[in-house]
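Me: I am new to this structure and would enjoy a guided look at one part of it. Could you take the ligand site and the strands linked to it, and explain each term as you go?

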Amino acid sequence: MSDYDTTDAMLDAAWAQLDLGAQGPQTGTHWPVLATIDPEGRPQQRTLVLRGADRAAGMLTLMTDADSAKVRELRDRPRASVLTWDAESRLQLRLACTVTLRENDRDVWSGLGETARQNYGKTPPVGTEIAAPLDYEITPAPGNLAILRLTVESLEVLHLGETHRRAVFSRKEDWRGRWLSP
Ligand SMILES: Cc1cc2nc3c(=O)[nH]c(=O)nc-3n(C[C@H](O)[C@H](O)[C@H](O)COP(=O)(O)O)c2cc1C
């Protein structure tokens, strides 16, 4: 017997991980990798902090600088892949998402502390070439906060326990699970 004998148990474990990941750094799921496609058609990946996970809606929330390359890429192609790995639970999650951008949200901005605000706004803008490593200023502004609302379309769970188990779920199949050979 394993905790992962049914696809429902795999899905429960996946959302429990995402929920925990959104609460703080106690799990690797706190730092998902977000992949987008750049204008040349090349995949681009980066680590972000998971800010929210809502199982009922099947949605995740991330936050970034509105000037960043990922925001431009998502405006062009509002699709992304999210990857997480947590060594303790031994769960890898791979999510295919569509992304909605929410910019200039003053309510969220007013709820952020000073330290958090410093992540949203640089002069020159993030990604601009500079002559020396510290040739930039931190210039926080609400217009620099971009909230990424990710609608999960499909979710693949891989559990590397004593046995290896892999299951896939999709929104269009109402999250009914299918086993895959791992
Ligand atoms: C542990 C860790 C957490 C990070 N969290 C965020 C984050 O929450 N939001 C963000 O925009 N960038 C975050 N970054 C920086 C991104 O990985 C990336 O370097 C930056 O956003 C620029 O990405 P882009 O040029 O592809 O848009 C984080 C990096 C690390 C290593």
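Reply: Here is a walk that starts at the ligand and then follows the strands outward.

First, some ground rules: this is a predicted model, in which local features need pLDDT of at least 70 and side-chain atom pairs count only at pLDDT 80 or more, while totals for chains, interfaces and linings use all residues. Residues are numbered from 1 along each chain as its sequence is written, and side-chain values use heavy atoms, with hydrogens and water left out.

Let us begin with what the record says. In an unreviewed UniProt entry, residues 26–100 carry the feature "domain: Pyridoxamine 5'-phosphate oxidase Alr4036 family FMN-binding". UniProt positions are given in the numbering used here, feature names are shortened, and annotations may be inferred rather than shown by experiment. In the model, this span is 11% helix and 51% strand, and its end C-alpha atoms lie 27 Å apart. Helices (H or I, at least four residues) and strands (E, at least two) are DSSP runs, numbered from the N terminus.

Now to the ligand itself. Around the ligand you will find Trp31, Arg46, Thr47, Leu48, Val49, Arg51, Met63, Thr64, Ser68, Ala69 and Lys70; a residue is near a molecule or strand if one of its heavy atoms lies within 4 Å of it. This shell divides into 5 nonpolar, 3 polar and 3 charged residues. Here Ala, Val, Leu, Ile, Met, Phe, Trp, Tyr, Cys and Pro count as nonpolar, Asp, Glu, Lys and Arg as charged, and the others, Gly among them, as polar.

Some of these residues offer polar atoms to the ligand. A polar side-chain atom of Arg46 is 2.8 Å from a ligand oxygen atom, and one of Lys70 is 2.6 Å from a ligand oxygen atom. Met63 takes part through its backbone, where a polar atom lies 2.9 Å from a nitrogen atom of the ligand. On its own the ligand would expose 630 Å², and the protein buries 55% of that. Such areas come from the Shrake-Rupley method with a 1.4 Å probe; for residues, only the protein chains shown count as cover. Two or more shell residues come from each of strand 2 (43–47), strand 4 (59–65) and helix 2 (69–76).

Strand 4 leads us on to strand 9. These two strands run antiparallel and are joined by 7 bridges, with Met59 bridged to Thr151 of strand 9. Two strands are said to pair if DSSP finds at least two bridges between them.

Strand 9 covers residues 145–160 and also pairs with strand 6, again antiparallel, over 13 bridges. Leu95 has Leu155 as its bridge partner, and Leu101 has Leu148. Strand 10 is joined to strand 9 too, by 7 bridges and in the antiparallel sense, and here Glu156 stands opposite Val168. Strands 9 and 10 form a hairpin with 3 residues between them.

Why can strand 9 be called largely enclosed by the rest of the structure? The reason is that 12 of its 16 residues are buried. Buried means under 20% relative accessible area, exposed over 50%, and partly exposed in between (1.4 Å probe, protein chains only).

From strand 6 (residues 91–103) we can step to strand 5 (residues 79–86): the two run antiparallel with 8 bridges, and Arg79 stands opposite Thr98. They make a hairpin with 4 residues between the strands, where Arg90 takes a positive phi near 60°, although Arg90 is not a glycine. Arg90 counts as partly exposed because its relative accessibility is 36%.

The side chain of Ser89 makes a polar contact of 3.4 Å with the side chain of Gln17. A polar contact is a pair of N or O atoms within 3.5 Å; within protein, one must be able to donate a hydrogen and the other to accept it, and residues adjacent in sequence count only if both atoms are side-chain atoms. Gln17 belongs to helix 1 (residues 7–23) and, at 8% relative accessibility, counts as buried.

One last stop lies past strand 10. In the loop between strand 10 (164–170) and strand 11 (177–180) sits Asp174, a residue other than glycine with a positive phi near 55°. Its relative accessibility is 64%, so Asp174 counts as exposed.
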